Amino acid sequence: MIDTCVMCGNYVPEGRMVCPICENYSAKPHAKDKKSAILDCLKRHHTGKRNAVHSAELEQLFSLDDRAVRRKISALRKEGYPICSGDMGYYYAENQKEINSTVGRLNDLMTGVSDARTGLMFAKFPEPVMTVRITVRMNGGEL
């Protein structure tokens, strides 16, 4: 069971993922929009690969579904923020090596999607095989 806050690492009661301070911080929707709050959270508490946070924890912390978290992370990246990711989760880059690693992983994803697209472009729907028997009777004759 997790006994430390996923945001700051402080002790939390069993069954909780976030300490009261961080919970209070993330519960202020009027102070910042969620995209900015995620950025701030990553910068403050999850800088460097060793401090990565799983998407599920961000989902719970910011009351978002997995797709919404991915979209907000993508938007932040498009704005130039060095948000990296890997098997261990998301994190704010600590150095260029971490950025390069994430760029390489994204390139691999793009190649896979491109290969699938190319395969579909050349795919042919199989024509149905149909056998038809035609009988022609001429002059009322029998077969």
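These legends walk you through close-up views of a predicted protein model.

**View 1. The whole chain and its order of elements.**
Start by finding your way along the predicted protein, which has five helices and two strands. Reading from the N terminus, you will meet the elements in the order α-α-α-α-β-β-α. The protein has 143 residues, and 25% of them are buried. Of the contacts between residues at least 6 apart in sequence, 46% link residues at least 24 apart.

**View 2. Where helix α2 meets helix α4.**
Here you can follow helix α2, residues 34–45, as it packs with helix α4, residues 66–78. Their axes lie 10 Å apart and make an angle of about 75°. Angles from 65 to 115 degrees count as roughly perpendicular, so that is the word for how α2 and α4 are placed. On the α2 side, look for K34, K35, I38, L39 and L42 at the contact. Their partners on the α4 side are K72, I73, A75 and L76.

**View 3. A nonpolar patch on the surface.**
Now move to the outside of the protein, where M130, V132, I134, V136 and M138 form a nonpolar patch. Together these residues have about 630 Å² of accessible area. For the protein, the accessible surface comes to about 10,600 Å², and carbon and sulfur atoms account for 54% of it.

**View 4. A closer look at I134.**
Is I134 buried or exposed? Its relative accessibility is 69%, and the cut-off for exposed is over 50%, so I134 counts as exposed. To find I134 along the chain, go to the segment after α5, the helix that spans residues 96–121. I134 is also one of the residues in the nonpolar patch.

Methods: Residues are numbered from 1 along each chain as its sequence is written. This is a predicted model: local features need pLDDT of at least 70, side-chain atom pairs count only at pLDDT 80 or more; totals for chains, interfaces and linings use all residues. Side-chain values use heavy atoms; hydrogens and water are left out. Patches are made of residues with over 30% relative accessible area and no salt bridge: like charges are joined within 9 Å, nonpolar side chains (Val, Leu, Ile, Met, Phe, Trp, Tyr) within 5 Å. Accessible areas come from the Shrake-Rupley method with a 1.4 Å probe; for residues, only the protein chains shown count as cover. A salt bridge is a side-chain nitrogen of Lys or Arg within 4 Å of a carboxyl oxygen of Asp or Glu. Helices (H or I, at least four residues) and strands (E, at least two) are DSSP runs, numbered from the N terminus. Buried means under 20% relative accessible area, exposed over 50%, partly exposed in between (1.4 Å probe, protein chains only). Contact means heavy atoms within 4.5 Å. Axes are lines fitted to C-alpha atoms, for helices over the stretch in contact, and angles run from 0 to 180 degrees between N-to-C directions. Angles under 35 degrees count as roughly parallel, over 145 as roughly antiparallel, 65 to 115 as roughly perpendicular and the rest as oblique.
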